[in-house]
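User: I'd like to learn how to read a structure like this one, feature by feature. Could you walk me through it?

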Amino acid sequence: MTTPLRLMSKLRQMMSGGLAPLGEVIGLVAAEIGAEVCSIYAMRPGDMLELRATHGLNPEAVGQTRLRVGQGIVGLVAASGMLLNLADAQNHPAFAYRPETGEDRYASLLALPVRRAGHTLGVLVVQCEAPRRFGADDVEVLETVAMLLAELLAATGAVDGAEEGFGAALPRQFDAVALAPGIAIGPLIVLGTGRPPRHVLSDDAAAEGERLRLAVAEMRAGLDELIASRLPEGREPREVLEATRLIAADEGWLRRVAEAIEGGLTAEAAVHRVASELRERMRRIADPYLRERLADMEDAALRVLVCLEGQDGEVDELVERSPAGAILFARRLGPAQLLDWHARGIAGVVVEEGSASGHAAIMARALGLPALGGVRGAIDAAEAGDEVVLDADDATLILRPEQEVHVAYLRAIADRDNRIAGFLALRGRPSVSADGTPFRLLINAGLTLEVDQLDKTGAAGIGLFRTEIAMMARGSIPDVAEQQAIYGRVMDAADGRPVRFRTLDLGGDKLLPDAPSQPEENPAMGWRSLRVGLDRPAILRRQLRAMLLAANGRPLSVMFPMVATLAEFRQARGLLYAEAARIRPAPASLQIGTMLEVPALLWALPELMREAHFVSIGSNDLLQFLFAADRGAPGMAGRYDLISAPMLSMLDHVVREAAAAGVPLSLCGEAASRPLEAMVLASLGITELSMSASSVLPVKSVLGAVDLAAFRPVLDRLRANTSGHASLREPVLAWAREQGLAV
Ligand code: PEP
Ligand code: MG
């Protein structure tokens, strides 16, 4: 019998009468893997680890030797959740010598976290005199032993330091990342990382393998049913769920589970083990795409666990306890899980590690479920049942709000609902200002399902379709046929309303197979966007071909991003004409325009206006380059302003050039989404604005109420008297408020 199987079998015997004493377990482990020392450190209140039992170290140190989380090798393993395998531990920078243990004789050390339900309960350490690294077999055995020890420690009252401490019941506020808009208040439910397995060891690998097979089949059938019955409208939810299904069928992780069963684990313990390995890998991966894939895999693993528990007739306590209207907290969440929870009536979701381009975020937006992400530490600071305010409109999370805050948010939810109801009444009204100036509002979109917003908002069309968004969600650039299908669906859904497709605006090195090998210092000003398309014309040509094919004889409008010179525009346009010459049926009309977001292009306006069919100002980039202030850096937000003398002079100039040439001019940056900015832009003559869909009706409400003819001279006076202050925001805001405008 191999060491792992023999150890498992002996442990099983030892546990047959109930939980064995810690000392016996670690003595057996030391003997079986041939280590002189095996010790267990347990978590104590106050983030402290204490030597709880040892075989080989000085017994007097038990209960005496303590290390803070983060201190020494043991503390480092507890803090990082990662194992350390060291041939020469004493020379490791984190090594903290504790003379009372008598450990100075031992050179090599392997330390692993003991975790249960996502919490660290302690650290398991084995040591040897000989300087050697422990082998993969030893590591595997000890990982299983760590699972058993987690049960023993939980039974003997070890605590997770993170759950202790003062102020647990005080209100806490977190800044977050908004994943899907909306506000919700409700009791908290915490989605764990799977209940710890009740039985870890098995003596019948064949039976456990069969249980696994049945559970995997049930999990796959469940996913098929989800896809067939509960998906919200639109293509993306389907695509992300198909991705989960593919991953659920992936043989790689299932093989690892099967191997762990062969090694003597129950099916539950084996799935747990693989899921926690995935979790550990995810902690170390910075690439958001890979993290998403691992999260999908963990989603599948957790679904298998639920099926395994179902085989024992167990019911998921969380599902039983979860009230409708609750707010779900999860460290990570797959799109399929989110769909399940939505069906149970949750009011909102907080995904600690979620990002706006992640699958859970895409699904939450499609379901209209308020969602926040990027809130590190929130789960550890929360208790199930706590009241939570989730404000995705303000990217804020409040745990245990005070009574006044609670009441204020109830009012905010009611106001929001009323506002939305009021805005909806505006949908069919004409877009004309109080003084009779017509304006035209469009939406910015990037996913097919967002096209639904045209009907919901009454917008005139899509002024900016960011083609890179679907590719970022997908993780790669699809081939021509797939791209054609995406663009075709967008045009179908727009149903005759105009769509301006912008060619790929991928930034920096993201997702591109031909990314520069050196990371760039300033990716926003690096090899991005049209520069990539012109340097790698095959990528751009494929995209243009897909757009032409998708149009299939309908009118087509294409816009190039980040154009810096007239020559770049001509080159890109040349590629488009070359593709268009080969494709039949030709589009009914072909509009070719450019974004204006690089200041250099401002000095080519007369020629540009002669050659472009339309120009759309990308104020996000144009502002950042004009003021040399990073649009993504929160600390820079106060350093640039659209409502400022330099920006308004520049916009005036562009408006004049466009009017002289008779070229349609619009603006599609975030500024268009803000009613005050929209009012200023319309007064300058930029009356075609493309914005996020949620802003269309609020902007329409303000533009419909404002007397632009009265505002113009006010703005002129303010611009004439800037006295060195770049921003005119305050006086403009004061004027708008005097007029009773909802800015
Ligand atoms: C802009 O820069 O204003 C713009 C609309 O493009 P993006 O935000 O996609 O860079
Ligand atoms: Mg831009």
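User: Thanks! Which protein donors does the magnesium ion (ligand 2) have, and how far from it do they lie?

Analyst: Happy to help, and please keep in mind that this is a predicted model. For a metal site, begin with the protein atoms that reach the ion. Here the donors are Glu597, through OE, and Asp621, through OD, lying 2.1 to 2.2 Å from the magnesium ion. Next, see where the two residues sit in the chain. Glu597 is in the loop between strand 19 (590-596) and helix 21 (605-611), while Asp621 belongs to helix 22 (residues 619-626), so the pair ties together parts that are 24 residues apart in sequence.

User: Are Glu597 and Asp621 buried or exposed?

Analyst: Both Glu597 and Asp621 are buried. Helix 22 also holds Gln624. Gln624 counts as buried because its relative accessibility is 7%, and the cut-off for buried is under 20%. Setting aside residues up to four places away in sequence, Gln624 touches Ala524, Ala629, Asp630 and Arg631.

User: Let me step back to the whole chain. How many helices and strands does the protein chain have, and what share of its residues is buried?

Analyst: The chain's secondary structure comes to 27 helices and 22 strands. Of its 743 residues, 53% count as buried. About 31000 Å² of the protein chain is exposed, and carbon and sulfur atoms supply 52% of that area. Contacts add to the picture: among those with a separation of 6 or more, 67% are between residues 24 or more positions apart.

User: What pLDDT does the protein chain average, and how many of the residues score at least 70?

Analyst: The average pLDDT is 86, and 88% of the residues score at least 70. One stretch calls for care: over residues 159-168 the pLDDT is below 50, although this stretch has 21 contacts in the model beyond near neighbours in sequence. Where pLDDT is low, the predicted coordinates should not be read in detail.

User: Now a helix, please. Which residues of helix 7 are buried?

Analyst: The general idea comes from geometry. An α-helix has 3.6 residues a turn, so residues three or four places apart point the same way. In helix 7 the buried residues are Trp253, Leu254, Val257, Ala260 and Ile261. Viewed down the axis of helix 7, these buried residues fall within an arc of 115 degrees, so they line one face of the helix. On the other side of helix 7, Arg255 and Glu262 are exposed.

User: What span should helix 7 have, and how far apart are its end C-alpha atoms?

Analyst: Helix 7 (residues 251-262) has twelve residues, and at 1.5 Å a residue they should span 16 Å. The end C-alpha atoms of helix 7 are 16 Å apart, which agrees.

User: What follows helix 7?

Analyst: Gly264 follows, with a positive phi near 110 degrees. Thr266 then lies in the loop between helix 7 and helix 8 (267-284). Thr266 is buried, with a relative accessible area of 5%. Beyond its neighbours within four places in sequence, Thr266 contacts His199, Val200, Leu201, Ser202, Glu208 and Ile261. Of these, Ile261 is one of the buried residues of helix 7.

User: Which residues other than glycine have a positive phi?

Analyst: Some background helps here. Most residues other than glycine have a negative phi, and most peptide bonds are trans. Ser529 is one of the exceptions, with a positive phi of about 60 degrees. Ser529 is in the loop between strand 17 (499-502) and helix 18 (530-535), and counts as buried at 3% relative accessibility. Another is Met562, whose phi is near 55 degrees. Met562 sits in the loop between strand 18 (556-560) and helix 20, and at 1% relative accessibility Met562 is buried too.

User: Where is a cis peptide bond found?

Analyst: A cis peptide bond joins Arg584 and Pro585, with omega about -5 degrees. Pro585 is in the loop between helix 20 (566-582) and strand 19.

User: One last residue: where is His613?

Analyst: His613 is in the loop between helix 21 and strand 20 (614-617). At 29% relative accessibility, His613 counts as partly exposed. His613 and Ile592 are 21 residues apart along the chain, yet their C-alpha atoms are separated by 5.4 Å. Leaving out residues up to four places away in sequence, His613 touches Tyr577, Leu590, Gln591, Ile592, Val663 and Pro664.

Note on methods:
Residues are numbered from 1 along each chain as its sequence is written. Chains are lettered from A and ligands numbered from 1 in the order in which they are written. This is a predicted model: local features need pLDDT of at least 70, side-chain atom pairs count only at pLDDT 80 or more; totals for chains, interfaces and linings use all residues. Side-chain values use heavy atoms; hydrogens and water are left out. Helices (H or I, at least four residues) and strands (E, at least two) are DSSP runs, numbered from the N terminus. Buried means under 20% relative accessible area, exposed over 50%, partly exposed in between (1.4 Å probe, protein chains only). Contact means heavy atoms within 4.5 Å. Accessible areas come from the Shrake-Rupley method with a 1.4 Å probe; for residues, only the protein chains shown count as cover. Donors are N, O and S atoms within 2.8 Å of the metal (3.2 Å for Na, K and Ca); water is not among the atoms, so sites may look incomplete. The expected span of a helix is 1.5 Å times one less than its number of residues. The arc is that of the directions from the helix axis to the C-beta atoms. pLDDT is the predictor's confidence in each residue, from 0 to 100.
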